[in-house]
Amino acid sequence: IKYTTGLYVYGKFGITSISYNASNTKAYLNTIPLAPKTGGSNLTYNGLYALGKYNSSSYTNFDIAELIIYNSFLNDSNRIKVENYLHHKYAPPVNLGNDINISYGFCDTTLDAGNRFTSFIWSTGATSQTINVDSSGFYSVTVTDIFGLTSSDTIKVTYPKINLNDTLFCSGSAVTLSTGLTGSYTYNWTG
């Protein structure tokens, strides 16, 4: 059994898994099964896991980051564990970090998904690596990594809350208003 196409994608990294067994050979690219071609001869080793890409129109110019060879046939569960290991080692999922609680101020906060991804889509509709936010809420991003796989993360941003209640008072009487904010703020009251 041989695989003539699909083991690597030109100019892109991929995790290629090949489980060789005389009667049951299987190949995968980024966890997607590949169809074998006819011909070829039985191979004498049982498992190959490669992380790399080819850089020319033939399969002769490769960048290979890691190669793992097993001396026994791995079942699907163990194969997936190896693929996940390689995926998370070379392209860990997006992580926006801990929730952000801003105790003072109302300036923009920058959220950064990281520069190791090929595309971004934020809950705001932005498609950049970073976004600036200026209000409390939940913000999420879905990214695509170098293998073409997606991951997502959500972060909660909390700004100080202004607590102003409607207050009725008679003309000529005094009223005390409080925002509930602590710290040194400059206020511009209108009314």
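Read from the N terminus onward, the chain of this predicted model runs β-β-β-β-β-α-β-β-β-β-β-β, a total of 1 helix and 11 strands (DSSP runs numbered from the N terminus, with H or I over at least four residues for helices and E over at least two for strands). Residue numbers start from 1 along each chain as its sequence is written, and side-chain values rest on heavy atoms, without hydrogens or water. As the model is predicted, local features need pLDDT of at least 70 and side-chain atom pairs pLDDT 80 or more, while totals for chains, interfaces and linings use all residues.

Of the 191 residues, 32% are buried (under 20% relative accessible area, with exposed over 50% and partly exposed in between; 1.4 Å probe, protein chains only). The largest nonpolar core (buried Ala, Val, Leu, Ile, Met, Phe, Trp, Tyr and Cys joined through side-chain atoms within 4.5 Å) holds 16 residues, and Leu111, Ala113, Trp122 and Val141 touch the most other members. At least two residues of this core come from each of β8 (119-122), β9 (130-133), β10 (137-144) and β11, with β10 giving the most, 3 residues. Beyond neighbours within four places in sequence, the contacts of Trp122 (heavy atoms within 4.5 Å) include Leu96, Leu111, Ala113, Ile131 and Val141.

What share of contacts between residues at least 6 apart in sequence joins residues at least 24 apart? In this chain the share is 52%.

Leu164 lies in the segment after β11 (150-158), and counts as partly exposed because its relative accessibility is 44%.
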